[in-house]
Amino acid sequence: MRRRTPAAARGLTHFDADGAAHMVEVGAKPETARVAVASGSVAMLPATARAVRAGSIGKGDVLGVARIAGIAAAKRTSDIIPLCHPLRLTGVDVDLRVTGTRVAIVATVRAFDRSGVEMEALAAVTAAALTVYDMCKAIDRGMVISDVRLDEKRGGKSGTWRRPGARAAKRG
């Protein structure tokens, strides 16, 4: 029988030495400026993209409502992701653009706190994408949400990380 290395020994901080999930203690960590950028997209039929671009979806301003949903999700991430710490966000930007037959979504989240904001940026993108789907599903149930990913994070002990090929985010 092969012996498994405990999750904590493999660098998975949300597991204790026995492999049980726990919330990481961050009380002793210094507060620093944190930034995370995430992105994703919603692919749709050409007619749906035209309707979103024109603002003619019956439920209203798809991109505006999705932007607000993304901001709200970033603020409430610790309520839906069990081991996330509640953070004091200092800014959330959610950009949505219709490009061809896709709505491209980019979320930038900033905080001055003890933990990173990667999950908040990913939650913002996901909620915005789900909102686009919800608002357009009456005319296009075949939409596909895809490529939700972290593109960049800055701050904290591990410093800066950028996905290869991702454009650098604006400072701030």
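**Close-up 1. The side-chain contact between D140 and T48.** In this predicted model, the side chains of D140 and T48 are joined by a polar contact of 3.0 Å. D140 belongs to the loop that runs between α4 (118-136) and β4 (144-154), and, when residues up to four places away in sequence are not counted, D140 touches M44 and L45 as well as T48. Although D140 is buried, this residue has no salt bridge; the nearest side chain of opposite charge is that of R141, which lies 8.8 Å away, and a salt bridge would require a side-chain nitrogen of Lys or Arg within 4 Å of a carboxyl oxygen.

**Close-up 2. The surroundings of S41 in strand β1.** S41 is part of β1, the strand that comprises residues 32-43. Because its relative accessible area is 8%, and buried means under 20%, S41 is classed as buried. The side chain of S41 forms a polar contact of 2.9 Å with the side chain of R102. With neighbours within four places in sequence left aside, the contacts of S41 include V103 and A104 in addition to R102, and they also take in V144, I145, S146 and D147.

**Close-up 3. The nonpolar surface patch that includes V148.** L130, I145 and V148 together make a nonpolar patch of about 220 Å² on the surface. Of these residues, V148 is located in strand β4, and its relative accessibility of 33% is the reason why V148 counts as partly exposed. I145, another member of the patch, is also among the residues in contact with S41.

Terms used. Residues numbered from 1 in each chain as written. Predicted model: local features only at pLDDT ≥ 70, side-chain atom pairs only at ≥ 80, totals over all residues. Heavy atoms only, no water. Helix = DSSP H or I, 4+ residues; strand = E, 2+ residues; numbered from the N terminus. Buried < 20%, exposed > 50% of the residue type's maximum accessible area, 1.4 Å probe, protein only. Lys, Arg positive; Asp, Glu negative; His and termini not counted. Polar contact = N/O pair within 3.5 Å; in protein donor to acceptor, adjacent residues only side chain to side chain. Contact = heavy atoms within 4.5 Å. Patch = residues over 30% accessible without salt bridge, like charges linked within 9 Å, V, L, I, M, F, W, Y side chains within 5 Å. Areas by Shrake-Rupley, 256 points an atom, 1.4 Å probe, with all protein chains shown as cover.
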